[in-house]
Amino acid sequence: MENPQIAAALDEIADLLEFKGENPFRVRAYRNAGRLVRDQPESIARSVGDPDRPLTSIRGIGKDLAEKITQLVEQGRIDLLDELRAEIPASVMLLMRIPGLGPKKAAALYKELGVQSLDALREACLAHRVRELKGFGEKTEEAILAGIPFAATTSERIYWSEADRYVQSLVASLAVCPAAGRIAPAGSYRRGRETVADVDLLVESSDPAAVMDHFERLPEVVSKLGRGDTKLSVRLEGGLQVDLRVVPTESFGAALQYFTGSKDHNVVLRGLAKSRGLRVNEYGVFRVADRSGEAPAGEAGRVAGRTEEDVYAALGLPWIPPELREARREFEWAAHAALPELITVDDLRGDLHMHTTESDGKATLEQMAAAAQARGLEYIAITDHSPRVSMANGLGPDRLRRQWAAIDRLNDRLTGFVVLKGVEVDILEGGGLDLPDDVLAEADWVVASVHYGQRQPRAQITARITGALAHPSVAAIAHPTGRIINRRLPYEVDLEAVCQAAVRHGKLLELNANPARLDLDDVACAAAKAHGIPIVISSDAHSAEGLDVTRYGILQARRAGLTKADVANTRSWSEVKRLLGRGD
DNA sequence: GCCGTTTTCGGCCCGACTGTTTTCAGTCG
């Protein structure tokens with residue numbers, strides 16, 4: 001059983017307990033455990049029954065949760081979850097997906113009106129039975145009716161790259177507002193999560209009303225969800241929700257810290273502050289008076305707030321990069337002055353996975369080389385597909401050798417830049433590679449990947465990949481987890497076994513930077529790093545512009561805590577060769 | 001349900017906004 005499955009069960013228990021109105025801290029414990037399990041680089045199922053790695057050694061998982069996880073791994077079920085499911089119909093849980101409907105109101109609808117589905121809820125609203133309930137009214141009933149379609153479509157998350165386009169455009173639109181000072185995107189966008197559910201924007205201003213008026217009138221804004229003195233929530237064309245918050249200069253840093261989150265990171269931060277007699281909110285860090293527990297009024301008690309650095313410094317911490325703010329290990333690192341110096345896109349010196357018009361790319365060999373050189377890279381590997389990928393016009397030995405001859409001729413004309421003779425060789429359904437050994441031995445760089453037989457059992461696909469890692473000519477595995485965002489996994493892999501094979505054979509794993517793929521996600525990346533496996537961040541570009549996606553891959557690498565040293569292609573090509581034990 | 005150099009009980013982050021209430025609960029982030 002994989003960690004995400006275990007996490008999903010814990011999340012479901014949290015949801016059901018919350019609906020029942022259980023102790024909110026108990027709910028939080030389950031939710032927290034779900035997150036912890038999801039964030040573990042190692043397999044939780046493997047820890048079960050391993051006396052050297054008890055589940056309770058994970059901070060936040062105690063005796064009870066460890067027992068429940070153990071039961072799930074060993075029996076495939078949890079008593080508590082079965083009981084809760086028997087008690088609360090699954091369709092009722094959908095009610096809480098409606099904006100503005102939380103556990104309390106949803107429970108009231110279920111208990112008082114017997115509403116068990118979105119359809120039943122719609123009818124109850126239309127019959128004006130909802131407004132009769134205590135705590136409900138006419139407006140609530142209308143809001144519920146309007147929100148039902150949103151519950152049905154679930155909460156769509158968009159790719160970071162797509163959110164980026166919205167953010168760039170909104171920031172530009174805000175910048176022309178005379179009342180607006182500094183403008184900063186926050187939230188999960190700033191933390192670089194691979195998908196984003198909504199966009200948070202922070203604006204510095206002494207005139208919040210003017211900024212909000214300006215924003216509300218932007219053409220892409222289609223509806224207003226709420227507006228107060230400092231906060232405005234709108235929905236854009238296309239459904240994306242944007243929360244705008246306007247704060248004064250002296251609070252800008254505190255607000256940026258607060259709205260960047262994550263929520264769990266902030267909970268830890270505020271707990272830390274509390275233990276130091278301080279209170280953190282979006283306006284700053286304040287001293288709490290000794291007896292009353294009340295902060296001194298206004299500026300008097302303010303210790304920090306203008307910049308994020310001040311806020312963290314007031315708590316005795318170095319500034320923590322947003323990508324690390326997930327309540328994973330960042331506070332432990334920060335406390336010991338051991339925050340990793342995260343990799344940046346400028347650290348990349350080469351790109352080792354891309355295609356040309358010879359297979360399914362849109363640009364020629366020469367165009368790709370020129371584009372990469374123009375982007376400041378020192379080397380690229382051309383890795384077109386092998387014959388098995390016939391749909392992509394994969395290259396057999398003859399065409400491949402002709403392409404490599406063309407690369408030789410191109411290299412003669414280039415200075416300060418090298419094009420490597422590479423190939424993305426398919427790992428065949430029955431194991432083994434799609435090109436003869438003597439051909440592969442002539443290549444400078446071979447990445448191997450699975451394109452067919454993706455429905456095979458996990459163990460079989462894992463064996464194909466570990467087999468490829470054992471091949472002397474293979475340097476790296478592309479798509480080592482087969483993961484595609486927002487979709488079911490195309491294939492499932494035992495990442496632990498793949499990592500062990502990579503270590504055994506001294507091979508590399510690729511982080512594919514395609515925004516829809518990012519198949520070595522931040523958690524898997526951290527797992528590979530824990531094994532000491534060098535990561536290759538590759539564009540898998542099919543066009544000149546495709547080379548630019550490495551910046552999306554960099555975000556995930558940063559979230560995994562990767563430094564320059566952890567990534568192979570921050571090195572020169574001759575150093576990469578040495579890394580593979582193929583030094584000159 | 002978890003946790004503990006203010007330890008085994010009593011805490012557990014903090015505030016904005018809405019709609020309902022006439023002083024606040026629920027929801028959200």
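This is a short tour of a predicted model, with a selection to make at each stop.

**Chain A, coloured by confidence**

Start with chain A, whose mean pLDDT is 91. A pLDDT of 70 or more is reached by 96% of its residues. Next select residues 290–297, where pLDDT stays under 50. For this stretch the model has 12 contacts beyond four places in sequence. Where pLDDT is low, the predicted coordinates should not be read in detail.

**DNA strand B and its surroundings**

Select DNA strand B together with the residues within 4 Å of the strand. The selection should hold 48 residues, and the closest are R28, G60, G137, Y258 and R270. Of the atoms of DNA strand B that come within 4 Å of the protein, sugar and phosphate make up 74%.

Colour this surface by residue class: 22 residues are charged, 14 nonpolar and 12 polar. Which helix gives the largest share of the surface near DNA strand B? That is helix α2, residues 24–39, with five residues.

Now zoom in on the phosphate oxygens of DNA strand B and show three residues in turn.

- R28: a polar side-chain atom is 2.5 Å from a phosphate oxygen of the strand.
- Y30: a polar side-chain atom lies 3.0 Å from a phosphate oxygen of the strand.
- G137: here a polar backbone atom is the partner, 2.7 Å from a phosphate oxygen of the strand.

**Two backbone details**

Select G261 and S262, which are joined by a cis peptide bond with omega of about -5°. S262 sits in the loop between α13 (252–260) and α14 (263–275).

Then move to A327, in the loop that runs between α15 (308–314) and α16 (330–335). The phi of A327 is positive, about 55°, although this residue is not a glycine.

**Helices α20 and α21**

For the last stop, select residues 458–470 (helix α20) and residues 495–505 (helix α21). How do the axes of the two helices lie relative to each other? They come within 9 Å and cross at roughly 10°. The limit for roughly parallel is under 35 degrees, so α20 and α21 count as roughly parallel to each other.

Show the side chains where the two helices meet. From α20 these are T462, I465, T466, L469 and A470, which meet A497, V498, A501, A502 and H505 of α21. The residues of this contact comprise seven nonpolar, three polar and no charged.

Key: Residues numbered from 1 in each chain as written. Chains lettered and ligands numbered in written order. Predicted model: local features only at pLDDT ≥ 70, side-chain atom pairs only at ≥ 80, totals over all residues. Heavy atoms only, no water. Axes fitted to C-alpha atoms, helices over the stretch in contact; angles between N-to-C directions. Helix = DSSP H or I, 4+ residues; strand = E, 2+ residues; numbered from the N terminus. Parallel < 35°, antiparallel > 145°, perpendicular 65-115°, else oblique. Contact = heavy atoms within 4.5 Å. Nonpolar A, V, L, I, M, F, W, Y, C, P; charged D, E, K, R; others polar. Polar contact = N/O pair within 3.5 Å; in protein donor to acceptor, adjacent residues only side chain to side chain. pLDDT = per-residue confidence, 0-100.
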